[in-house]
Structures are given as C-alpha cells and as structure tokens.
Amino acid sequence: MKAIQIIILTVLAAFSSSCNSSPANNNGTLDAEAFDQMVRESSEEIILDVRTRGEFEDGHIPGAVLIDVNESDFKEKANSLDKSKPDFVYCAAGIRSEKAAAILKDSGFKTIYHLEGGLKSWTKAQKELTK
C-alpha cells in the first residue's frame, strides 16, 4: 500500500512541476502587472510596440521600439533585433501583437511575451505611458 502511495505522489509531483513551469522559461501571454514586473526585472529586454506610428506617438510604454506589424517590412525590421533577448510585444488590444509574436517565433526569437489586452489593459492598470 505504501509503495502505491509513493508512486502516486511521485507521478503527481512530476505532473505538477511540468504544469507550473516558470514564465521566465516560456513564451506566453502576460497581464499588465506581470508584463510590467518582468520588463522591470529584465536587464536586456526589447519592448516592441507593433502599432502604427500615430498610435505610438499618442503614447507608448517607456523604452518601446516601434515596428508596425502591418507594414510589409515588419519581418525584415524585426530580424534586425537581438533574437537572444526577451521580447515583450504589445499593440492596442492584443490582436496585432499575437500576430507579431507568431512571426517572431517563426523567425527564431527565443523568448516572447505578449501583453494580454494590449495597451488598453496597460492603461486600465494605470501603468506609465510616455510620448
């Protein structure tokens, strides 16, 4: 009976650890709080705003680089970035940044985080914007 309990506990522990892997080792979608915290903790991150120039000029996350995902040269411009650094991608509501994250992943970027709800969720959480 004890052997069965040990086996069950071992299987549960292995399953639990595989389901709870650290976000620092995975790509994924982050809410505004987690996105902000991970950007602050990262020393060499790239914050990528994939909106239009006009949207960017109306306000963006401090330190963000603008590369409009709907421009024909998005992939070319994105490939000029360091693929080994974590990429934090956002747009207005999250749709364009999901598209951009998929392109980045297909282009060989290692670590990509997407802001869930885009800049709308960022401003709702009362996070800083700059112009």
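Accessible areas here come from the Shrake-Rupley method with a 1.4 Å probe; for residues, only the protein chains shown count as cover.

**Figure 1. Overview of the predicted protein chain.** The chain exposes about 8000 Å², and carbon and sulfur atoms supply 52% of it. Six helices and five strands are present; helices (H or I, at least four residues) and strands (E, at least two) are DSSP runs, numbered from the N terminus. Along the sequence they follow the pattern α-β-α-β-α-β-α-β-α-β-α. Of the 131 residues, 37% are buried (buried: under 20% relative accessible area; exposed: over 50%; partly exposed: in between; 1.4 Å probe, protein chains only). Among contacts (heavy atoms within 4.5 Å) with a separation of 6 or more, residues 24 or more positions apart account for 70%. This is a predicted model: local features need pLDDT of at least 70, side-chain atom pairs count only at pLDDT 80 or more, and totals for chains, interfaces and linings use all residues. Residues are numbered from 1 along each chain as its sequence is written, and side-chain values use heavy atoms, with hydrogens and water left out.

**Figure 2. The open sheet and its edges.** Five strands line up in the order 1-5-4-2-3, with parallel pairing. Strand 1 (28-30) and strand 3 stand at the edges, each with a single partner strand, so one side of each lacks a neighbour in the sheet. Two strands count as paired if DSSP finds at least two bridges between them. Strands of a sheet pair through backbone hydrogen bonds, either parallel or antiparallel.

**Figure 3. Strand 2 between strand 4 and strand 3.** Four bridges join strand 2 (residues 46-49) to strand 4 (residues 87-90), and the two run parallel. Leu48 stands opposite Val89 in strand 4. Two bridges link strand 2 to strand 3 (residues 65-66), again in parallel. Here Asp49 faces Leu66. Ile46 and Leu48 point one way from strand 2, Ile47 and Asp49 the other way; all are buried. In a regular strand the side chains alternate between the two faces of the sheet.

**Figure 4. The β-α-β unit of strand 2, helix 3 and strand 3.** Helix 3 spans residues 53-58, and the unit is right-handed. A crossover is right-handed if, with the strands pointing away from the viewer, the path from the first strand over the helix to the second runs clockwise.

**Figure 5. Strand 5 and its partners.** Strand 5 has both faces covered: Ile112 and His114 on one side, Tyr113 and Leu115 on the other, all buried. Strand 4 pairs with strand 5 in the parallel sense over three bridges. Val89 stands opposite His114. The chain crosses from strand 4 through helix 5 to strand 5, and this β-α-β crossover is right-handed. Three bridges also join strand 1 to strand 5, in parallel. There, Thr29 stands opposite His114.

**Figure 6. Helix 5 and its two faces.** Helix 5 (residues 95-106) has 12 residues and reaches 17 Å from first C-alpha to last, close to the expected 16 Å (1.5 Å times one less than its number of residues). Its buried residues are Arg96, Ser97, Ala100, Ala101 and Leu104. They share one side of helix 5 because they cover an arc of only 140° around the axis, taken from the directions from the helix axis to the C-beta atoms. These residues pack against strand 2, helix 3, helix 4 (74-78), strand 4 and strand 5 (112-115). The face turned away from the buried side carries the exposed residues Ile95, Lys105 and Asp106. Gly108 follows helix 5, with a positive phi near 100°.
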